[in-house]
Amino acid sequence: MAPPGFEVPYRLGWVDLDDGVRVFGRVLSADGADPMVGDRMALTTTVIRSNDEGGPIQGHAFTTS
Amino acid sequence: MTTPAFPDARILGVGMTRFTKTPDVSVEELGHCAVLEALSDSGLDRRDIGAVVCGTVQSHPGAGQALLKDLGMTGVPIVNVENACASGSTALIEGLAWIGAGLADIVLVMGVESLSGERGVVTLGSDDYVWGSGFVLPAAYALLASRHMSLYGTTREQFARVAVKSHRNAAANPYAHFRKAVTLEEVLASPMVADPITLFECCPRTDGAAAVIIGTEDAARRSANGNVRIAGAALASGLRSTTSDSVPELTRRTAGIAYERAGIGPKDVDVAEVHDAFAPGEIFYYEELGFCEEGKGGVYIDEGASEIGGDGVAVNPSGGLLSRGHPFGATGLAQIAELTWQLRREAGDRQVDGARVGLAHTMGGTIFELEANACAVHILTS
């Protein structure tokens, strides 16, 4: 379930960077399998939601490799 | 540093509307019902009220004044407070402050909200970065739930059992939004909202009002009901945090202050009304309120410890936010009304036998990078 402009389902998560910073963001799966706590992630971009005119709003995301 | 004395305050009267969807009833009308019921319960006259604190989130500015003018309650000091879902609880601690400061000997505390006009999930502001990422409130709890599962082996069935207990308790509560028991299978099979949280594990959008009249020990002698005491209370805001890990930690800190002020520990609590806006929350708060050890919340529900008649703390005998309903401003005071009835042995079929100590816990708000906007804990004794 999501606010208007979001395509469901989508995944959210907290990702720990190697230098200790923890970043919130969209989480993607490269192979369709559910990402698990402890998985190695890579930074990418994705469409987060659409704006009022239906255009895409891009943002950062983390994906399993 | 010396610790200031906690004000000696009693609960003189409580009242609330049945929590349900009443889109055609104004927040003013809801408020009138709750206030008149609380006044009647206290045996006091409206002219006895020395100050008013009103908690609401989505109502208009000046909600307290707008509501009370039609009850002929004008001229009295009225303070409107907003602290997200903890607005009602915050109003109560504000009322305690007025009594402690000697500014009033009897304070009417009320909370009102009408949410049935909302659609879908209640969202944060559309310009909010977090909302813009899809971080709706059920998702916030879902992240914490996933972490709890990963760290402690907590299961979806254990979360679902909270909803089963909540619906069963609410079935015996004439003030509750949902009054029908559900099975574990029905909870698990209800539509997915934010994995692992299903629809039956989310509180509904509810309309309602609740009112609590508090007063000094002297005032209690003039009231029909004055044997429930507010033994301790605490309000805290969240620390700055860029992780979601520590959200329940705010509860541990706030409860610690309230326990200390009351001179009471978690093992003394008989009955609690806890912020179960989403079912996993209740599991976290068993641990953070000290009812069980960290990581053992799932076992606590499995063993039936939190059931009415269980061997732990009976949690959410009213049905909690999940089933009694969660009209933001009214929620904290509905918790106090339920605990007052429990401590007075007036809770009917949902009575917790021998209840002498009650605890109310409310969380409020999710400003990004804060644990939460507010956490309030009140401890009542009879």
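Student: How many disulfides does the structure hold over all chains?

Tutor: This is a predicted model, and it holds 0 disulfides over all chains. A disulfide requires two cysteine sulfur atoms within 2.5 Å.

Student: What makes Cys54(B) a cysteine in no disulfide?

Tutor: The nearest cysteine sulfur to that of Cys54(B) belongs to Cys33(B) and is 15 Å away. The cut-off is 2.5 Å, so this pair does not qualify. For Cys203(B), the nearest cysteine sulfur is that of Cys202(B), 7.2 Å away, and Cys203(B) is likewise in no disulfide.

Student: Why does Cys54(B) count as buried?

Tutor: Its relative accessibility is 0%. Buried means under 20%, so Cys54(B) meets the definition.

Student: Why is strand β11 of chain B called largely enclosed by the rest of the structure?

Tutor: Of the 8 residues in β11(B), spanning 357-364, 8 are buried, and the strand is therefore described in this way. Both faces are covered: Val357(B), Leu359(B), His361(B) and Met363(B) lie on one side, with Gly358(B), Ala360(B), Thr362(B) and Gly364(B) on the other.

Student: How do you know that β11(B) pairs with β12 of chain B?

Tutor: Pairing needs at least two bridges, and 8 join these antiparallel strands, so the criterion is met. One of the partnerships sets Thr362(B) against Ala376(B) in β12(B). Strand β9 of chain B (271-273) runs parallel to β11(B) and is joined to it by 3 bridges; there, Ala272(B) stands opposite Leu359(B).

Student: In the chain A sheet ordered β1-β2-β4-β3, what makes β1 and β3 edge strands?

Tutor: In chain A, β1 (11-16) and β3 (41-50) each have a single partner strand, so one side of each lacks a neighbour in the sheet.

Conventions:
Residues are numbered from 1 along each chain as its sequence is written. Chains are lettered from A and ligands numbered from 1 in the order in which they are written. This is a predicted model: local features need pLDDT of at least 70, side-chain atom pairs count only at pLDDT 80 or more; totals for chains, interfaces and linings use all residues. Side-chain values use heavy atoms; hydrogens and water are left out. Helices (H or I, at least four residues) and strands (E, at least two) are DSSP runs, numbered from the N terminus. Buried means under 20% relative accessible area, exposed over 50%, partly exposed in between (1.4 Å probe, protein chains only).
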